[in-house]
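Trainee: Before we accept any label in this description, I would like to go through the reasoning behind each one.
Mentor: Then let us look at the structure together and take the labels in turn.

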Amino acid sequence: MGSKRQFRIWRGDETGGDLKDYTVEVNEGEVVLDVIHRLQATEAPDLACRWNCKAGKCGSCSMEINGKPRLGCMTRMSTFEESETVTVTPLRTFPVIRDLVTDVSFNYEKARETPAFAPPADVAPGDYRMQQVDVERSQEFRKCIECFLCQNVCHVIRDHEENKPAFSGPRFFIRAAELDMHPLDARTDRREYAQSDMGLGFCNITKCCTEVCPEHIKITDNGIIPMKERVVDRRYDPLVWLGNKIFRRGQVPQTSATSGHSSGAVTSGGAHGGAHAHSGGTHSHGGVHSHAGGSHDSAAERQAQQGVNWHREVPHPTAPAVDANGKLPLTELTFNRAAAPSPSGDDVTFPLPPEHLNFAHPQQDEPKH
Amino acid sequence: MTETRIERHHYDVVVIGAGGAGLRAAIEARLAGKKTAIISKSLFGKAHTVMAEGGAAAAMGNVNSRDNWQVHFRDTMRGGKFLNNFRMAELHAKEAPQRIWELETYGALFDRTKDGKISQRNFGGHEYPRLAHVGDRTGLELIRTLQQKIVSLQQEDKQEFGSYDARIRVFSETTITELLLDGDRVAGAFGYYRESGEFILFEAPAVVLATGGVGRSYKVTSNSWEYTGDGHALALRAGATLINMEFLQFHPTGMVWPPSVKGILVTESVRGDGGVLKNSEGKRFMFDYVPDVFRKQYAETEEEADRWYTDPDNNRRPPELLPRDEVARAINSEVKEGRGTPAGGVYLDIASRKSAEEIRRRLPSMYHQFKELADVDITKEPMEVGPTCHYVMGGVEVDPDSGAAYGTVRGLYAAGEVSGGMHGSNRLGGNSLSDLLVFGKRAGGHAATYTDQLTSRPAVSVAAVEAAVETALAPLQRDTGESPYQLQQDLQAVMGDLVGIIRREGELADAMRRLAELRERVAKVSAVGDRRYNPGWHLALDLRNMLVVSECTAMAALERQESRGGHTREDYPAMDPKWRRVNLVCSLDGDTVRLTHKPLPKMRPELIGLFDRAELAKYLTDEELAEFDALTEEANTDGK
């Protein structure tokens, strides 16, 4: 009942490697991980691959199958054509150790940097009281099996090693969201911390993480967006800017753009009587969005620098249009397409020509001497 | 002198295993101020504990206030057919609630009751709703919570000492191959990083084993690859003893089709919600397998059984809900008599019994498990299920209060599935998660105390390290031996066919012979490739552990001439009160497994007084019953 199928599997280590062709027997009902195991037991006993439970519960066998980040144990062979060659490669975002095994320590470092649950000071063990409806929101995020597929697919770091230090990634945004929504967590600054220290602002909600999540956690809708919504009254965020651009372009009275320099120093809302915002790119720590900042070509960068008129006067940045509750009117539901919008505006394509790069100097409005 | 590079570390307590028991032990050792290492065979947070679905049993009395530790203790002893170490069952029942509540202070979010307490669910063998749970992913919640607690301790250390790893460090993807001794004292542990193949040596006066079970010696198992009996074997080689190795729990309903999911559990709730077992002839066969002792509680006709689901007070339970061991045996004999499915199981049918909508509502995770893993729609077609090796009751013989291993070694502790005694001959669902919290904490705490009492630090001998290096490298240096994968398959075949659910003297003796042959072959195993993340080499090193543990199981199974819990002898089908008083103890004499009889500790009067005489009569010898009668009489006279 078995049939011979074609596989291409990446073999190698950090010094390099190649796709190797294998012809291997596949039986009815098998998944990709079964095929890997068969190869190990036959012609490739040293083929390296992580796995544990084989039931989609531990999140160990993450790999890229025909370019898609998947769990090997959850990818049935019946989803491929009989004649199709199945290509299996290691996760691209993390350094290769050997074959399909990558160094995922990035994620464990980020886990250690995420502040832990803070138990309420005056509640004894056994006296915790919470309603089911209140714990359910956090429980959704606690379903996470830490397969790190969301981290792997996130384009903020997928091909941008340089963003890794400042960006914790979707897995840890939902950890922050989980603690933020925990009925008894004693810390009150989870969102601000996510924004200032975890790089929440880097996320431009393309929802790739949600798409690959084997636990079907609504990472973007239920985790990241609510966190963003709640920090926007106080800080610049692409979403704010976008909401403004799409819905109320030109209709909003401009508030003053103050010098919320990208130091993360702005901590409290309301001090200046409203929201602060900058224009599109000025908040960046460099390489904000991978879509935009992806050039590794130094010549192109030099040329870009020459082409920028740093003294050009640009329109005032605008504050977001908020509703009566001080919340953004934008929801994913009202948007006219399936994916999330580009925070830079849908009429913008990348790379931007250098002459379109803008910089609004914080003091550009102050009277010149 | 060896030229091999070995990374050296000094710790106070080394915990081998990063599942629930290991993490809880490490937390305790670190809280006691000890410098603690956690050795994890896979990545941190992937341990087999994540697979536990049902919940953690603890008599908190949140759902039924009549529940208390005495009731839990009674249920546990009954479940284990009175072979449990009573002191462990007592400590477990008493301390489980505190351990669960403690998890909430670490950030765990259990499902809630209406008044906001931790919700508790019913489960086989538990008199009251007792299992704290989070949907059907309780194990994941447990491991994540403990993992995050360790991170939180590391954050404290970072603040105090400037390094996350100052006092507690996780060595992920690291396997320990040898424990090193100084005389009879533990001096350290030797192993390798799976990623690089580099060797690593821990010098530590105390080691806690928390390595889980042995399921990979069986072909059909719900256990992950890590379950190769490492802790059992390390303990044996260090001079400790194992007990109850003949008792393995086979869960009656594992998936058998498709092959990719073979062994994965189908929860008991499918049967609780109306699912029935049928053979290939379409017959609901469980009615033919109700043993006499259960005859009174179980329905005799399909009509009565079906009425039970809606009216349990006036009807008897369907026989599909017999204890795990009975159902497993029934399925096994249907298959053996040729009435099984093509994949070698039986049908578990809920599709014809409930509406599709109801199935999806009541059994969401099972619906998804079959849909996503097997492409089977359980609302339309029956599942194919069969017994799967699930849990080993046997393990390291320990002091019940401290978790310190018996035998000749000092400084060695064990907790969780790798330790023995707590569950007797059969474990109740839900008792393993609470077991690993209760005894994880105890083992970690006592290991810490032990290091305080030492006047001198045991030293690791160079010769022992060199021997360990040589043993570890041997499979890579040989190219004449067999493939480790082939040897594992052969071992699985011996254990599955001859030391499986139903055992016979002849087959067990045959198993002993074949295991002896395998021992020769395993000694000559060879692995191709180099030391970097080489799964063939890793398996080659795990094989000798699987082999020695399998020998213990086969030998003890041959010796115990009765059927009890997770040990069924076709030639001795009944329970024998004389055998209840005996633990079979395995130890190593050189390379050879030695088996001795050891009397079970006697239950304290106030504990045995919790049971009815009628119930005890099923388990105890006449002599023990007379003693019990004398006790009750004494109590009555005292009362007057």
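Trainee: How many residues does each chain give to the contact between chain B and chain A?
Mentor: Bearing in mind that this is a predicted model, chain B brings 53 residues to the contact and chain A brings 46 residues. On the side of chain B that touches chain A, the elements giving two or more residues are α3 (86-105), α4 (138-161), α10 (364-374) and α15 (535-559) of chain B, and the largest share, eight residues, belongs to α4(B).

Trainee: What is the make-up, by class, of the side of chain B that touches chain A?
Mentor: That side has 24 nonpolar, 15 polar and 14 charged residues.

Trainee: Why is α5(B) called roughly perpendicular to α15(B)?
Mentor: Two packed helices are described by the angle between their axes and the distance between the axes. For helix α5 (residues 230-237) of chain B and α15(B), the axes come within 8 Å and cross at roughly 75°. Angles of 65 to 115 degrees count as roughly perpendicular, and therefore α5(B) is roughly perpendicular to α15(B).

Trainee: Which residues make that contact between α5(B) and α15(B)?
Mentor: From α5(B) come B:Asp230, B:His232, B:Ala233 and B:Leu236, while α15(B) supplies B:Asp542, B:Asn545, B:Val548 and B:Val549. By class, the residues of this contact divide into four nonpolar, two polar and two charged.

Trainee: What makes B:Tyr413 count as buried?
Mentor: A residue is buried if 20 or more other C-beta atoms lie within 10 Å of its own, and B:Tyr413, with 34 other C-beta atoms within 10 Å, is therefore buried. The residue sits in strand β18 (residues 412-414) of chain B, and, leaving aside neighbours within four places in sequence, its contacts include B:Ala206, B:Val208, B:Leu209 and B:His446.

Trainee: Which residues have the most contacts inside the largest nonpolar core?
Mentor: They are B:Val208 and B:Leu209, in a core of 263 residues, of which the largest share, 15 residues, comes from α15(B). Beyond its neighbours within four places in sequence, B:Val208 is in contact with B:Tyr413 and also with, among others, B:Val13, B:Ile16 and B:Ala443.

Trainee: And what is the secondary structure of chain A, and how much of chain A counts as buried?
Mentor: Chain A comes to eleven helices and seven strands, and 45% of its 369 residues count as buried. Among the contacts in chain A with a separation of 6 or more, 68% are accounted for by residues 24 or more positions apart.

Key:
Residues numbered from 1 in each chain as written. Chains lettered and ligands numbered in written order. Predicted model: local features only at pLDDT ≥ 70, side-chain atom pairs only at ≥ 80, totals over all residues. Contact = placed C-beta atoms within 7 Å. Helix = DSSP H or I, 4+ residues; strand = E, 2+ residues; numbered from the N terminus. Nonpolar A, V, L, I, M, F, W, Y, C, P; charged D, E, K, R; others polar. Buried ≥ 20, exposed ≤ 12 C-beta atoms within 10 Å, placed from the backbone. Axes fitted to C-alpha atoms, helices over the stretch in contact; angles between N-to-C directions. Parallel < 35°, antiparallel > 145°, perpendicular 65-115°, else oblique. Core = buried A, V, L, I, M, F, W, Y, C linked by C-beta atoms within 7 Å.
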